[in-house]
Amino acid sequence: DKEVRRVLTERMKKGADMDVDQQEVFDNLEKIFRKEMGGWKIIKSPYKGVKMEIKKKHQEGEKKLRVALGRAECTADCTAEEAAAWFFDCCSRERIATDR
């Protein structure tokens, strides 16, 4: 995890171009969220300063599916490197393995 964190920090400083596949994923997500602008319900966040919303959908067809999209928004008062370090510390493979 330490090496991954170092590489990510270096990329953040330089900036990174996305390849075609990565750009396609982001374009598809953008279409989904743009299309899904209405119908979001604000839910109570357990964290101060974090706005959380959820949207539930029912899809009809051969298999009835229930889909939920969630999103959260906040402002972090830190550098990108500090945010990446927190994310890796909180969500690292090592930590997740010890929590299991």
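Trainee: Why is Ser-92 called buried?

Mentor: Ser-92 has a relative accessible area of 7%. Buried means under 20%, exposed means over 50% and partly exposed is in between, with a 1.4 Å probe and protein chains only. So 7% puts Ser-92 in the buried class. Before we go on: this is a predicted model, where local features need pLDDT of at least 70 and side-chain atom pairs count only at pLDDT 80 or more, while totals for chains, interfaces and linings use all residues. Residues are numbered from 1 along each chain as its sequence is written, and side-chain values use heavy atoms, with hydrogens and water left out.

Trainee: Where does Ser-92 sit?

Mentor: Ser-92 is in the loop between helix H3 (80-91) and helix H4 (93-99). Helices (H or I, at least four residues) and strands (E, at least two) are DSSP runs, numbered from the N terminus. Ser-92 also has a partner from far along the chain: Lys-2 is 90 residues away in sequence, yet the two C-alpha atoms are 9.5 Å apart.

Trainee: What makes up the secondary structure, and in which order do the elements come?

Mentor: The chain has four helices and three strands. From the N terminus the order reads α-α-β-β-β-α-α.

Trainee: How many of the residues in the chain are buried?

Mentor: Buried residues account for 10% of the 100 residues. The chain exposes about 9100 Å², with 54% of that supplied by carbon and sulfur atoms. Those areas come from the Shrake-Rupley method with a 1.4 Å probe, and for residues only the protein chains shown count as cover.

Trainee: What makes Lys-51 and Glu-53 a salt bridge?

Mentor: The definition asks for a side-chain nitrogen of Lys or Arg within 4 Å of a carboxyl oxygen of Asp or Glu. For Lys-51 and Glu-53 the N to O distance is 3.8 Å, so the pair qualifies.

Trainee: And how do you know that Arg-71 bridges to Glu-53?

Mentor: Their N to O distance is 2.7 Å, so that pair meets the cut-off too. Arg-71 lies in strand S3 (residues 65-73) and Glu-53 in strand S2 (residues 51-59), so the bridge ties together parts that are 18 residues apart in sequence. The whole structure holds two salt bridges, and Lys-51, Glu-53 and Arg-71 are linked in a network.

Trainee: Which class does each residue of that network fall into, buried or partly exposed?

Mentor: Glu-53 is buried, because its relative accessible area is 13%. Lys-51 is partly exposed at 41%, and Arg-71 is partly exposed at 30%.

Trainee: What makes Glu-30 part of a charged patch?

Mentor: Patch members need over 30% relative accessible area and no salt bridge; like charges are joined within 9 Å, and nonpolar side chains (Val, Leu, Ile, Met, Phe, Trp, Tyr) within 5 Å. Glu-30, in helix H2 (residues 20-35), is partly exposed at 44%, so it passes the accessibility cut-off for a patch. Asp-19, Asp-21, Glu-24 and Asp-27 join Glu-30 in this surface patch of negative charge. Lys and Arg count as positive and Asp and Glu as negative, with His and the chain ends not counted; the charge is placed at NZ of Lys, CZ of Arg, CG of Asp or CD of Glu.

Trainee: Why does Ile-32 pass the accessibility cut-off for a patch?

Mentor: Ile-32 is partly exposed at 35%, so it is over the 30% mark. Ile-32 is found in helix H2 as well, and with Met-18, Val-25, Phe-26 and Leu-29 it makes a nonpolar surface patch of about 440 Å².

Trainee: Why is Ala-76 called exposed, while Leu-69 is called partly exposed?

Mentor: Ala-76 has 53% relative accessibility, so it clears the 50% limit. Leu-69 has 21%, so it falls in between the two limits. Ala-76 is in the loop between S3 and H3, and Leu-69 is in strand S3. The C-alpha of Leu-69 is 6.5 Å from that of Lys-56, 13 residues away in sequence.

Trainee: What about Val-67, buried or partly exposed?

Mentor: Val-67 is partly exposed, because its relative accessible area is 29%. Val-67 is in strand S3 too, with its C-alpha 5.1 Å from that of Lys-57, 10 residues away along the chain.
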